[in-house]
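The exercises below are meant to be worked through with the sequence and the coordinates at hand. Each task is followed by a solution that goes step by step.

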Amino acid sequence: KALLLPLINSHSNVPQVWYLLGLANSNEGNYSAAEDALRKAMSLNPSFIPARRLLLTDQILSHQTDSSPALATQILHDDPYFMPAWSITVESMRKLGQSDRAKALLTNLSEDPALPAEDKPDLIRLLVDFDAPAPAQKLLAALPPNDVETIHLRASIADATGDVAGARTL
């Protein structure tokens, strides 16, 4: 972090410098300082997606998610597969009594052929959490069958559908 101070002094108008400071603070668990640096980066470049993503992630980690739904919406506009933003969005919808709508959005997302493979496990978890085991099962079929994470996800789906015996045998 000390290495960044000369950069900040000489390049205080460069959002990437503030992002790096935010990242350093985040890695130290200093989420308040990270938020300040990330907001500075976003004030210099409002469309700087890495700063938005890290700020949302830090808000989740620090359990300070009151303002996160608006940030999540902005992120999903530019990056429709960022799962932490989906998590915040659908949880916000659940709190507003819109669980069915959230479930429908997640189901539609699960059918998107452009959904990156690395995002499928997180989406499966969200689908299971929103009582949508059928689309979760369909996504699961696209994952490597003997992968440890796939096996855990399969057990999670079996548990969610009441297949206790199936969940235990996995």
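Two residues are in contact when heavy atoms of theirs lie within 4.5 Å. The structure shown is a predicted model.

**Exercise 1. Place Pro145 and list its contacts beyond the neighbours in sequence.**

Step 1. Pro145 is found in the loop between H9 and H10, and it is exposed, with a relative accessible area of 53%.

Step 2. Leaving aside neighbours within four places in sequence, the residues in contact with Pro145 are Thr150, Ile151 and Arg154.

Step 3. Leu126 lies 19 residues from Pro145 in sequence, and the C-alpha atoms of the two are 20 Å apart in space.

**Exercise 2. Describe the overall architecture of the protein in terms of helices and strands.**

Step 1. Counting the secondary structure gives eleven helices and zero strands, and the pattern along the sequence accordingly reads α-α-α-α-α-α-α-α-α-α-α.

Step 2. The C-alpha trace spans about 60 × 35 × 30 Å along its principal axes, and buried residues make up 40% of the 170 residues.

Step 3. Among contacts with a separation of 6 or more, 41% are between residues 24 or more positions apart.

**Exercise 3. Test whether the length of helix H10 agrees with its number of residues, and then examine its two ends and its buried residues.**

Step 1. Helix H10 covers residues 148-160, and at 1.5 Å a residue its 13 residues should span 18 Å, the expected span being 1.5 Å times one less than the number of residues. The end C-alpha atoms of H10 are 18 Å apart, which agrees.

Step 2. At the start of H10, a side-chain oxygen of Asp147 comes to within 3.0 Å of the backbone nitrogen of Glu149.

Step 3. After H10 comes Gly162, with a positive phi near 85°.

Step 4. The buried residues of the helix are Thr150, Leu153, Ala155, Ile157 and Ala158. Two of these, Leu153 and Ile157, are touched by Ile124, whose contacts outside four places in sequence also include Ala136, Leu139, Leu140 and Leu143.

**Exercise 4. Which residues touch the most other members of the largest nonpolar core, and which helix gives this core its largest share?**

Step 1. As background, nonpolar side chains in soluble globular proteins tend to be buried together.

Step 2. The largest nonpolar core here has 45 residues, and those touching the most other members are Leu56, Trp86, Leu106, Leu123 and Ile124. Its largest share, six residues, comes from helix H6, residues 83-95.

**Exercise 5. Compare the burial of Ser68 and Ser92.**

Step 1. Ser68 is in helix H5, whereas Ser92 is in helix H6.

Step 2. With a relative accessible area of 0%, Ser68 is buried, while Ser92, at 22%, is partly exposed; the cut-off that decides the second case is 20%, under which a residue counts as buried.

Step 3. The two serines are 24 residues apart along the chain, and their C-alpha atoms are separated by 9.1 Å. Not counting residues up to four places away, Ser68 touches Leu56, Gln59 and Ile88.

**Exercise 6. Find the aromatic pair in the structure and classify its geometry.**

Step 1. Searching the whole structure gives one aromatic pair. The ring centres of Tyr19 and Phe48 are 5.6 Å apart and the ring planes stand at 80°, so the pair is edge-to-face.

Step 2. Because Tyr19 lies in helix H2 and Phe48 in the loop between helix H3 and H4, the pair ties together parts that are 29 residues apart in sequence. Both Tyr19 and Phe48 are buried.

Step 3. A further arrangement that involves a ring is that of Arg94, which lies over the face of Phe130 at 3.9 Å from the ring centre.

**Exercise 7. Where do His63 and Asp131, with their positive phi values, lie?**

Step 1. Most residues other than glycine have a negative phi. Phi is nevertheless positive in His63, near 60°, and in Asp131, near 55°.

Step 2. His63 is in the loop between helix H4 and helix H5, and Asp131 is in the loop between helix H8 and helix H9.

Step 3. His63 is exposed at a relative accessible area of 68%, and Asp131 likewise counts as exposed at 51%, given that exposed means over 50%.

Methods. Residues are numbered from 1 along each chain as its sequence is written. This is a predicted model: local features need pLDDT of at least 70, side-chain atom pairs count only at pLDDT 80 or more; totals for chains, interfaces and linings use all residues. Side-chain values use heavy atoms; hydrogens and water are left out. Helices (H or I, at least four residues) and strands (E, at least two) are DSSP runs, numbered from the N terminus. Buried means under 20% relative accessible area, exposed over 50%, partly exposed in between (1.4 Å probe, protein chains only). A polar contact is a pair of N or O atoms within 3.5 Å; within protein, one must be able to donate a hydrogen and the other to accept it, and residues adjacent in sequence count only if both atoms are side-chain atoms. A nonpolar core is a set of buried Ala, Val, Leu, Ile, Met, Phe, Trp, Tyr and Cys residues joined through side-chain atoms within 4.5 Å. Rings of Phe, Tyr and Trp (its six-membered ring) pair if their centres lie within 6.5 Å; planes under 30 degrees apart count as stacked, over 60 as edge-to-face and the rest as tilted. A charge sits over a ring if NZ of Lys or CZ of Arg is within 6 Å of the ring centre and within 35 degrees of the ring normal.
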